[in-house]
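Work through the following exercises on side-chain contacts, with the sequence and the structure at hand. Each task is followed by its solution.

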Amino acid sequence: MVQKHYVAGYENFVTFMKDFKSNGQVVNVLFTGAKLDNSVSWCSDCVEAAPFIVAALETAPAESHFIYVDVGDRPTWKDMNNPFRKDTDTHLSVIPTLIRWKNPQRLEGEQCCKADLLEMFFTDDD
């Protein structure tokens with residue numbers, strides 16, 4: 001079964017990834033907007049993509065990790081100096097963004113609503 005992790009904020013993300021041991025397993029990371037009190041993200045694109053990502057995650061290898069990263073509230077994300085935007089490991093320009101950690105695989109924005117792209121993302125083991 002895919003091991004799921006949740007991290008909120010840039011500093012927590014950096015600390016988590018520094019200490020994280022994947023044991024050679026695939027690590028997929030989803031960057032998305034913070035959820036509000038009613039458990040729905042302020043990011044409408046993230047809300048739209050969520051069911052597609054959840055469904056496609058079922059195709060991911062059992063021996064893999066899925067890290068859900070909350071990039072913050074809308075003002076935090078919209079700040080062009082947001083560290084998620086400037087970090088060379090994340091280099092985010094839109095959310096949602098789904099990446100394979102330390103690999104070139106990446107889906108951004110509306111690509112995260114395309115079932116075929118998501119399935120290919122999760123099942124590609126290169």
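**Exercise 1.** Classify Tyr6 as buried or exposed, and describe its ring pair with Tyr68.

Solution. Buried means under 20% relative accessible area, exposed over 50%, and partly exposed in between (1.4 Å probe, protein chains only). Tyr6 has a relative accessible area of 52% and is therefore exposed. Tyr68, at 15%, counts as buried. Rings of Phe, Tyr and Trp (its six-membered ring) pair if their centres lie within 6.5 Å; planes under 30 degrees apart count as stacked, over 60 as edge-to-face, the rest as tilted. With 5.1 Å centre to centre and 20 degrees between the planes, Tyr6 and Tyr68 are stacked. Tyr6 belongs to strand β1 (residues 3-8) and Tyr68 to strand β3 (residues 64-70), so the pair ties together parts 62 residues apart in sequence. Strands are DSSP runs of E, at least two residues, and helices runs of H or I, at least four, numbered from the N terminus.

The model is predicted: local features need pLDDT of at least 70, side-chain atom pairs count only at pLDDT 80 or more, and totals for chains, interfaces and linings use all residues. Residues are numbered from 1 along each chain as its sequence is written, and side-chain values use heavy atoms, leaving out hydrogens and water.

**Exercise 2.** Find the salt bridge partner of Lys102.

Solution. A salt bridge needs a side-chain nitrogen of Lys or Arg within 4 Å of a carboxyl oxygen of Asp or Glu. Lys102 meets this with Asp89, the closest N and O atoms being 2.9 Å apart. Lys102 is exposed at 58%, while Asp89 is partly exposed at 36%.
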